[in-house]
Amino acid sequence: MNPILVAILLGLLQGVLEWIPVSSEGGVALASTVVTGVSPAAATRLALFLHAGTAVAATAYYRTEVRTILRSIRHLSRRPFADETADLSFIIIATAATAVTGLPAYMALDAAVSELEGGLFLALVGGLLVVTGLLQRFAAALSLGEREIPDGLDAVLVGVLQGLAILPGVSRSGTTVSALLLRGHEGESSLRLSFLLSIPAALAANALVLVDDGVPAIDPLPAVVALVVSAVVGYLTVGALVRLVRQVPFWAVCTVFGGLGVVGGLLVAL
């Protein structure tokens with residue numbers, strides 16, 4: 001297949017799957033393996049690399065919130081987790097927790113997928129998709145209380161789970177939103193915090209891949225095309241999902257997308 005067409009396909013997948021409770025990394029890695037025949041290790045690195053596109057999309061969509069968070073830096077030392085610094089405190093602590101779990105998970109993942117044949121890799125991703133789908137299905141029903149402002153425990157819990165979501169098949173948005181729902185945050189707020197947190201995590205994952213392996217699996221021009229497509233499509237789809245959550249009960253959105261994750265995982269595993 002033409003490399004530019006492959007890049008458009010992968011960028012489209014990343015832009016759509018990043019926000020819903022189905023693993024974008026798993027989906028992009030699977031597509032890369034099937035369409036281009038690259039190794040599971042290269043496919044996984046390419047999937048991580050493309051997260052930079054949706055990080056740009058999240059920054060553009062939440063640009064007002066990003067500016068507010070940056071302006072709150074001057075108050076951080078005096079009032080962490082106060083109203084005006086809660087989001088910044090959450091992102092800093094959660095990002096640090098992500099680094100603590102994500103770096104070892106990345107190294108373990110790199111070693112593991114290098115040893116897997118294609119079929120075993122597909123089965124691994126499928127099994128993790130099933131787990132993610134089930135988690136997302138029950139999170140809203142088990143919510144503990146009601147919260148409006150994130151605290152330190154929220155940040156640590158979500159950051160640790162985000163670090164583990166480097167595994168292909170584990171949905172970053174699915175696990176982080178589920179954790180926030182379980183902690184008592186409402187649907188749209190959980191999405192907002194999850195998507196804001198994705199910005200530094202995605203840029204760090206992209207930088208880690210570039211330092212470790214350079215641009216993986218595809219040539220530089222198709223890589224740029226894939227990044228641009230993922231950014232444009234990601235910007236359009238994140239807005240659509242947020243609007244959907246405003247009109248439909250969040251547990252219903254979770255159930256539908258979680259069901260898709262379960263079905264997709266079972267199909268892949270079989």
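The following paragraphs lead through a predicted model, from its annotated spans to its surface patches and salt bridges.

According to the unreviewed UniProt entry, the annotation "transmembrane region" applies to residues 47-64, 85-107, 119-140, 191-211, 223-242 and 248-269. Two of these spans may be examined in the model. Residues 85-107 are 96% helix and 0% strand, with 33 Å between the end C-alpha atoms. The span 223-242 is 100% helix and 0% strand, and its end C-alpha atoms are 28 Å apart.

Helix 3 offers a clear case of burial. This helix comprises residues 40-49, and ten of its ten residues are buried, so the rest of the structure largely encloses it. Among the buried residues are P40, R45 and F49.

The surface presents a contrasting picture. M1, I4, L5, I8, L9, V34, V35 and L221 make a nonpolar surface patch of about 730 Å². Helix 1 (3-17) and helix 2 (24-36) each contribute at least two residues to this patch, and the largest share, four residues, belongs to helix 1. The spacing of residues along a helix is relevant here. An α-helix has 3.6 residues a turn, so residues three or four places apart point the same way. Another member of the patch, L221, is located in helix 11 (residues 220-247). L221 has a relative accessibility of 58% and therefore counts as exposed, the cut-off being over 50%.

A second surface patch carries positive charge and gathers R63, R67, R71, R74 and R78. Of these, R63 is placed in helix 5 (residues 63-71). With a relative accessible area of 43%, R63 is partly exposed.

Attention now turns to paired charges. Four salt bridges are found in a search of the whole structure. In one of them, R172 pairs with E18, and the closest N and O atoms are 3.2 Å apart. R172 belongs to helix 9 (residues 172-182) and E18 to the loop between helix 1 and helix 2, so this pair ties together parts 154 residues apart in sequence. Both R172 and E18 are buried.

Another salt bridge joins the side chains of D87 and R192, at 2.7 Å from N to O. D87 lies in helix 6 (residues 86-114) and R192 in helix 10 (residues 187-213), and the two are 105 residues apart. D87 counts as buried because its relative accessibility is 18%, under the cut-off of 20%.

The side chains of D154 and R183 also form a salt bridge, with an N to O distance of 2.5 Å. Here helix 8 (residues 152-164), which holds D154, is linked to the loop between helix 9 and helix 10, which holds R183; the partners are 29 residues apart. D154 and R183 are both buried. Through salt bridges that share partners, D151, D154 and R183 are joined into one network.

Notes
Residues are numbered from 1 along each chain as its sequence is written. This is a predicted model: local features need pLDDT of at least 70, side-chain atom pairs count only at pLDDT 80 or more; totals for chains, interfaces and linings use all residues. Side-chain values use heavy atoms; hydrogens and water are left out. UniProt positions are given in the numbering used here, feature names are shortened, and annotations may be inferred rather than shown by experiment. Buried means under 20% relative accessible area, exposed over 50%, partly exposed in between (1.4 Å probe, protein chains only). Patches are made of residues with over 30% relative accessible area and no salt bridge: like charges are joined within 9 Å, nonpolar side chains (Val, Leu, Ile, Met, Phe, Trp, Tyr) within 5 Å. Accessible areas come from the Shrake-Rupley method with a 1.4 Å probe; for residues, only the protein chains shown count as cover. Lys and Arg count as positive and Asp and Glu as negative; His and the chain ends are not counted. The place of a charge is taken as NZ of Lys, CZ of Arg, CG of Asp or CD of Glu.
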